[in-house]
Amino acid sequence: MQPKRFIIAALVVVLIVFSAVSVNATTEDGVAIAVGINSPQAIVADGTSVTVKGQDTVEVSITAGEASGFTIDVLAIEFRYDTNLLEITSADCVSKYSSENVTIQVVDDMISIGLQNYSNDQGLSITLTFKVKAGAHGTADISIARILGIKNNVMVVPTVDNEELAVYVHTYGAGVVTAPTCTTEGFTEYTCTDEDCGEKVVTNKVSALGHAPGAAATCTTNQVCTREGCGVELAPALGHAPGAAATCTTNQVCTREGCGVELAPALGHAPGAAATCTTNQVCTREGCGVELVPALGHAPGAAATCTTNQVCTREGCGVEIAPANGHQMGDWVVDKEATTKEEGSKSQSCANCDHKLVEKIPMVEKDPFPWWIIVIVVVVLVGGFACYWFFVVKKKEN
Ligand SMILES: [Zn+2]
Ligand SMILES: [Zn+2]
Ligand SMILES: [Zn+2]
Ligand SMILES: [Zn+2]
Ligand SMILES: [Zn+2]
Ligand SMILES: [Zn+2]
């Protein structure tokens with residue numbers, strides 16, 4: 001045995017003894033050992049435990065001194081492992097240490113690693129590789145049983161992450177793969193086929209895919225996820241956006257771009273009072289007022305006569321269109337001369353109709369006896385006689 005190896009081997013022994021008698025030692029914050037477990041074949045590995053099956057490889061990595069300025073003179077680490085389930089296949093120090101400064105010993109279930117370096121500032125990386133024994137089942141621990149260092153001739157106890165690592169060995173068949181969906185993650189589930197175990201392990205998790213939004217929601221269609229088997233509604237249909245209210249002649253339509261669906265048909269005109277001779281029939285709907293039927297014009301009745309107007313014959317109208325003409329009377333015509341014994345008659349006829357005015361002509365009166373002549377004669381005779389009597393007779397007497 002070379003001197004250095006002897007020194008380290010001796011140190012390990014010392015280490016064991018010291019630990020056994022619990023010698024006081026200072027902790028050294030600068031000397032931190034990190035131990036992690038992984039396996040390229042593991043079903044699940046989280047750094048402090050690994051779930052594997054027979055024949056799988058389990059790797060344990062030990063790192064130290066990565067921190068800048070790490071130095072230690074001597075470091076000794078002792079691992080223990082379950083030889084029923086695991087067998088060690090290699091123990092390598094891939095440190096930047098000179099390999100001459102590293103001693104690795106495997107004895108039964110104990111692995112001792114010793115390092116000696118007087119001016120180390122380069123870090124450390126050890127890899128222990130185990131093989132899971134065929135047919136193994138159960139939990140195998142890999143633990144750091146002891147660790148100790150010497151720095152500047154003072155014994156130090158490095159801080160250690162994960163002093164104990166768990167190796168869960170099951171007998172897994174083929175995993176059952178569950179694909180991820182929009183909302184659920186994918187995974188592979190393994191079930192231990194060992195009798196009375198049935199342990200299930202879920203691994204290879206894949207994040208949920210998230211929905212794959214389809215065409216944007218429209219008035220009548222939802223936006224849904226287009227992923228096969230999903231179809232979840234992502235946004236409800238928007239409903240129509242009603243435009244201006246329907247009028248007599250225009251529909252109410254949806255104003256949303258690309259829609260234009262008719263929401264309400266045109267109302268049609270609301271006919272007002274029927275057209276008359278002089279008034280139109282119009283739509284009574286507010287804001288419309290369209291002429292539906294023009295005024296009918298009068299319906300002239302029989303032409304005006306001498307005595308009757310011409311009027312509109314349309315029911316409810318009766319407007320006078322032309323006034324009566326009046327009779328056109330001719331001259332009076334004597335139809336029968338009056339006599340002293342009988343009245344006469346005369347008539348006047350309308351040139352345009354049968355209208356005829358008839359008037360009586362009074363009887364002609366007999367000429368009355370001219371008593372006045374007799375009176376005048378009497379007066380003249382009497383006067384003459386008187387004058388005679390006065391002027392002739394009287395003067396003769398005289
Ligand atoms: Zn099992
Ligand atoms: Zn979806
Ligand atoms: Zn619409
Ligand atoms: Zn109208
Ligand atoms: Zn009329
Ligand atoms: Zn007439």
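Two strands count as paired if DSSP finds at least two bridges between them. Strands (E, at least two residues) and helices (H or I, at least four) are DSSP runs, numbered from the N terminus. On these terms valine 177 stands opposite threonine 188 in β14.

The model is predicted: local features need pLDDT of at least 70, side-chain atom pairs count only at pLDDT 80 or more, and totals for chains, interfaces and linings use all residues. Residues are numbered from 1 along each chain as its sequence is written, while chains are lettered from A and ligands numbered from 1 in the order in which they are written.

**Overall content**

The protein has two helices and 26 strands. Of its 398 residues, 17% are buried; a residue is buried if 20 or more other C-beta atoms lie within 10 Å of its own, exposed if 12 or fewer, and partly exposed in between, with C-beta atoms placed from the backbone. Among contacts between residues at least 6 apart in sequence, 46% join residues at least 24 apart. A contact here means that the C-beta atoms of two residues, placed from the backbone, lie within 7 Å.

**Two open sheets**

One open sheet consists of three antiparallel strands in the order β13-β14-β15. Its edges are β13 (176–178) and β15 (200–206), each with a single partner strand, so one side of each has no neighbour in the sheet. β13 is joined to β14 (residues 186–191) by three bridges.

Another open sheet, also of three strands with antiparallel pairing, has the order β24-β25-β26. Here β24 (333–336) and β26 (356–361) stand at the edges with a single partner strand each, so one side of each is left without a neighbour in the sheet. Three bridges join β24 to β25 (residues 344–349), and valine 334 stands opposite lysine 346 in β25.

The table gives the average angle between neighbouring strands, direction ignored. The axes are lines fitted to C-alpha atoms, and angles run from 0 to 180 degrees between N-to-C directions.

| Sheet | Average turn between neighbouring strands |
|---|---|
| β13-β14-β15 | 20° |
| β24-β25-β26 | 30° |

**Helix α2**

Helix α2 (residues 371–397) has 27 residues and spans 37 Å from its first C-alpha to its last, close to the expected 39 Å. The expected span is 1.5 Å times one less than the number of residues. A kink of about 30° is centred on tryptophan 389, the bend at a residue being the angle between axes fitted to the seven residues ending there and the seven starting there. α2 is hardly covered, with a count of zero buried residues among its 27.
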